[in-house]
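Here are some exercises to work through with the model open in your viewer. Try each task before you read its solution.

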Amino acid sequence: MPATIPILDLGPLLEGRPGALEALGAELRRAFTEVGFYFVRNHGVPQPLIDAAFDAAARYHAQPLEAKLAMPFNEHNQGYLPMRGNTTRMNAVDGIKKPNMNEAVFFKRELPLDHPDVLAGKRFRAVNQWPANLPGFRETALEYAGAMEKLGKTLVPIYAAALGLPHDWFDDKFREPMFTLRMTHYPQQEPTSAEDEWGLAPHADTSFMTILAQNKVPGLSIRLPDGTWIDAPALEGCFLVNGGMMLRRWTNQLFLATPHRVTNRSGQERYAIPFFMDCSYDAVMAPIPTCVSKTNPARFQPFTYLDFMSEYSGANYGERGRSAAGVELQGA
Ligand SMILES: O=C(O)CCC(=O)C(=O)O
Ligand SMILES: [Fe+2]
């Protein structure tokens, strides 16, 4: 159903054609008020780098379990979350009871050990954990994250255009975006497994923007505002982009944070690499002026990434003691 999810062609923008940003802005506004997802094509990210990232994800998850558990998921949302290690609770779309059938590893921006935020122990500003015996893995992951960050920064002015803001309106808020690179492995689920056993249960992301590399193995579906679920098709050469709860809140609920879910009954192993991007650590998200009116007054107090993520993962974190394994972390 490729017609349902709009496709934005970045070619004219990357070539610097006049009017490209306004045209894309109008398309993005429609995408985020009607669907909550869009594809980007002609995005400029080389296919060999995307292939290398998928290869790295498969190599990571093929390691012995002990090697993966040696870099345990921590309070900064970095590290390895084992299979069935989490249940979608905080942003569950329906009552979700079964743990997710995936394993995932999470990385954030690479910070040096002597970075002031690391030394100060700021939450979500810690050093990454890397696998000890996977030559080239770290380099590939960082190169891919760098390409995603560049693409994300290219997309941000389109959001400004879509919202009727000056094109540089977001620039100072995205000077050093927060991001999380997630490499997920969805094992094959038995065709006979329970219908409510999900690879990843229905959820909305937390992020401002999620850029998902196109998967060769299908399994993702999204819930349109009218309640119908449609498959997100694999479009060659495209990324699939969606918005999460922070985008929705910042836009005073103008833009959608569309629920989506994954199931893998394809008979093959499935890997996915979402890149969740947010504004800088210290940027304040106050209701965007063009999204507030007499009929739609501001619906929330200004907040930061830390405020949102602490509120989001804090409750379950406390419940489960030192383990964060009970928290589902889309957009972490
Ligand atoms: O696996 C996918 O295609 C999507 C993954 C996803 O929604 C997430 O990690 O938040
Ligand atoms: Fe998601």
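A residue counts as buried if 20 or more other C-beta atoms lie within 10 Å of its own, as exposed if 12 or fewer do, and as partly exposed in between, with C-beta atoms placed from the backbone. This is a predicted model, in which local features need pLDDT of at least 70, side-chain atom pairs count only at pLDDT 80 or more, and totals for chains, interfaces and linings use all residues. Residues are numbered from 1 along each chain as its sequence is written, while chains are lettered from A and ligands numbered from 1 in the order in which they are written.

**Exercise 1. Tyrosine 38**

Decide whether tyrosine 38 is buried or exposed, and find what it is in contact with.

Solution. Start with the neighbour count: tyrosine 38 has 23 other C-beta atoms within 10 Å, so it is buried. Next, locate tyrosine 38 in strand β2; helices (H or I, at least four residues) and strands (E, at least two) are DSSP runs, numbered from the N terminus. Then list the contacts, where two residues are in contact if their C-beta atoms, placed from the backbone, lie within 7 Å. Leaving aside neighbours within four places in sequence, tyrosine 38 touches Ile5, Pro6, Leu8, Leu28, Ala31 and Val241. Finally, look along the chain: cysteine 238 is 200 residues away from tyrosine 38 in sequence, yet their C-alpha atoms are separated by 9.7 Å.

**Exercise 2. Helix α2**

Check the length of α2 and work out where its buried residues lie.

Solution. The expected span of a helix is 1.5 Å times one less than its number of residues. For the 15 residues of α2 that gives 21 Å, and the end C-alpha atoms are 21 Å apart, which agrees. Now pick out the buried residues of α2, which are Leu24, Gly25, Leu28, Ala31 and Phe32. They fall within an arc of 130° seen down the axis of α2, so they line one face of the helix; the arc is that of the directions from the helix axis to the C-beta atoms. Their cover includes β1 (7-9), α1 (11-14), β2 (37-41) and α6. Just after α2 comes glycine 36, with a positive phi of about 95°.

**Exercise 3. How α2 meets α6**

Describe the packing of α2 (residues 20-34) on α6 by angle, axis distance and residues.

Solution. Two packed helices are described by the angle between their axes and the distance between the axes. Axes are lines fitted to C-alpha atoms, for helices over the stretch in contact, and angles run from 0 to 180 degrees between N-to-C directions. Here the angle is about 75° and the axes are 7 Å apart. That makes α2 roughly perpendicular to α6, given that angles under 35 degrees count as roughly parallel, over 145 as roughly antiparallel, 65 to 115 as roughly perpendicular and the rest as oblique. On the α2 side the contact uses Leu21, Glu22, Leu24, Gly25, Leu28 and Arg29, and on the α6 side Pro157, Ile158, Tyr159, Ala161 and Ala162. Sorted by class, the contact has 8 nonpolar, 1 polar and 2 charged residues. The classes are Ala, Val, Leu, Ile, Met, Phe, Trp, Tyr, Cys and Pro as nonpolar, Asp, Glu, Lys and Arg as charged, and the others, Gly among them, as polar.

**Exercise 4. Helix α3**

Find the buried side of α3 and what it packs against.

Solution. First the length: the 15 residues of α3 (residues 47-61) should span 21 Å, and the end C-alpha atoms are 22 Å apart, which agrees. The buried residues of α3 are Ala53, Ala56, Ala57, Tyr60 and His61. They cover an arc of only 125° around the axis, which puts them on the same side of α3. They pack against β4 (103-108), α6 (137-162), β5 (177-186), β7 (209-213) and β12 (270-272). Exposed Gln47, Pro48 and Asp51 sit on the face turned away from that buried side of α3.

**Exercise 5. Positive phi in the loops**

Compare the surroundings of phenylalanine 124 and glutamine 253.

Solution. Most residues other than glycine have a negative phi. Phenylalanine 124 has a positive phi of about 70°, and phi of glutamine 253 is also positive, near 70°. Phenylalanine 124 lies in the loop between α5 (116-119) and α6, and counts as buried with 21 C-beta neighbours inside 10 Å. Glutamine 253 lies in the loop between α7 (245-250) and β11 (260-262), and counts as partly exposed with 14 such neighbours.
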